[in-house]
Amino acid sequence: MLRLCLLLWGSLALRGRADPAFLRRAPDSAGLCTYSFTVAGPAEACPEAAAGVPELRAELAALAARLNRLESRERAMGGSGPREPQQVASPARLEAAYGELLRARARLEEEKGRLEREKEELGRRLESSAQEITRLRARCAPGKAPRWEPQPLTFQELQSERTEVPVSRLLEETALGRPGGAHSGCGELVWVGEPVVFGRADSIAGKYGVWMKDPEPVPPFTRDTTWRVDAVGTEVRQLFQYEEAEQLARGYPAKVHILPRPLESTGAVVYRGGLFFQPRNSRSVARYDLRGETVTAEREIPGAGYHGQYPYSWGGYTDIDLAVDEMGLWVIYSTESARGAIVLSKLDPETLEIRRTWETNIRKRGVANSFLICGTLYTVSSYSAPNATINFAYDTTTGASRALSIPFENRFRYLSMLDYNPSERQLFAWDSFNMVTYPVRLSQA
């Protein structure tokens, strides 16, 4: 390149040109030495080149302004320069996460196994209940509701001797009983038979509930008319009516009553044409007339605990429990002054006025449920133990309590309701979705 430049310069000199010439040396952008040889052109003007220079300068100025704006934006967004690459999880962290996934999978597998076992157990119970219903239907005459007979007398006597419950005199007529002399057939409870399944609830609302018959029905209802309430939920208002217990077993009600107020828990009873229940979240009891389908009476129980203050041991807001026996209508509850012990009050079935009250020494939270027979309160030791007992009795005629040990079977291990029906001499119970009865035997003078 240098030689070529010298030759050109020499050639121009030989032609006698007087135009100045310049030889420059400077490094380029790569650091290499670059030689530039400049010779002035002829004297003529170069308007095209002269005109393009301002345009180039304006374009360069615009590019510079745009570059400044881009740099300003980049600084506002977090600075310029190359960005750091995203961090990659270390092998130790990946291994720990994988271990956690394996543990979660193991827990899910365990839960799946537990659910499958519960499903199998439920299937066996359903099959057992279906077989029991089929067997009991076969024993009944066509077109009639089942009537269950106690077990053979010899077995009852054996059970009576084993519990060692003494035979007592018949209860004498008191002002609390109905007029007409002593109550025929009254005595002390000495034996409870095995549970007999009548039906089963088919939804979670029937985990616990109430089912009953009226021992003193009012037309058009009869002693075969059966009533049921599924008690799971906060707005329990449905009262199912069945013409007979066999219809209950089939699951098709004749009518559904919608109560004007929701009831609480499983303490309701049917007596003399009325449903007696505790309105939700109150210490009151109310009477719902089954014919007129209206609430005809309501009264507060003074000082009674409610909504979980003094329930039975299984809970369920069972603070106020209504009961019926040969003597009439009762309410079972507790108060702060009784310090959690069971309190009994006899009620007028029309006005719900309290006629008389007894305070026992039996702690309400310490028993699973209770019922009355012939004016005596009986309690159950456990709601879930398969081999529970009737463990206490309180006699309202003497005001004395005593310990008992009468065997009582919780076949399905979740007893949520237990009531006595004096016309049938049976216990009605709700045991984990199942509606069952227990035959009983009373001592005779």
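In this predicted model, strand β19, which covers residues 387-395, is joined to β20 by eight bridges, and the two strands run antiparallel. At one point along this pairing, Asp 395 stands opposite Ala 400 of β20. The β19-β20 pair belongs to an open sheet of four strands, ordered β17-β18-β19-β20 and paired in antiparallel fashion. At the edges sit β17 (369-373) and β20 (400-409), each of which pairs on one side only. On average, and with direction ignored, neighbouring strands of this sheet are turned by 25° against each other.

Next comes the disulfide. A search of the whole structure turns up just one, and its partners are Cys 186 and Cys 374, with an S to S distance of 2.2 Å. As a quick reminder, a disulfide is a covalent bond between the sulfur atoms of two cysteines. Here the link ties together distant parts of the chain, as the two cysteines are 188 residues apart. Cys 186 lies in the loop between α4 (153-163) and β3 (189-192), while Cys 374 lies in the loop between β17 and β18 (376-380). That second loop brings the story back to the sheet, where β17 and β18 come one after the other in the strand order.

As for the geometry of the bond, the torsion about S-S in the Cys 186 and Cys 374 pair is about -95°, so this disulfide is left-handed. How buried or exposed are the two partners, Cys 186 and Cys 374? Cys 186 has a relative accessible area of 0%, so it counts as buried, the cut-off being under 20%. Cys 374 also comes out at 0%, and is therefore buried by that cut-off.

Turning to pockets, the largest one holds about 270 Å³ of space. Its lining is made up of 18 residues, and those that lie nearest the centre are Arg 200, Asp 202, Arg 228, Ala 249 and Gly 251. Several elements contribute to this wall: α3 (91-139), β4 (196-200), β6 (226-230), β7 (236-242) and α5 (245-250) each supply at least two lining residues. Helix α3 gives the largest share, with four residues. In terms of chemistry, the lining of the largest pocket is a mix of nine nonpolar, four polar and five charged residues.

Notes. Residues numbered from 1 in each chain as written. Predicted model: local features only at pLDDT ≥ 70, side-chain atom pairs only at ≥ 80, totals over all residues. Heavy atoms only, no water. Pairing = 2+ DSSP bridges. Axes fitted to C-alpha atoms, helices over the stretch in contact; angles between N-to-C directions. Disulfide = S-S within 2.5 Å. Buried < 20%, exposed > 50% of the residue type's maximum accessible area, 1.4 Å probe, protein only. 1 Å grid on protein atoms, 1.4 Å probe; cavity = no way out; pocket = protein on both sides within 12 Å on 5 of 7 lines; lining within 4 Å. Points joined across faces, edges and corners; volume = space filled by probe spheres on them. Nonpolar A, V, L, I, M, F, W, Y, C, P; charged D, E, K, R; others polar.
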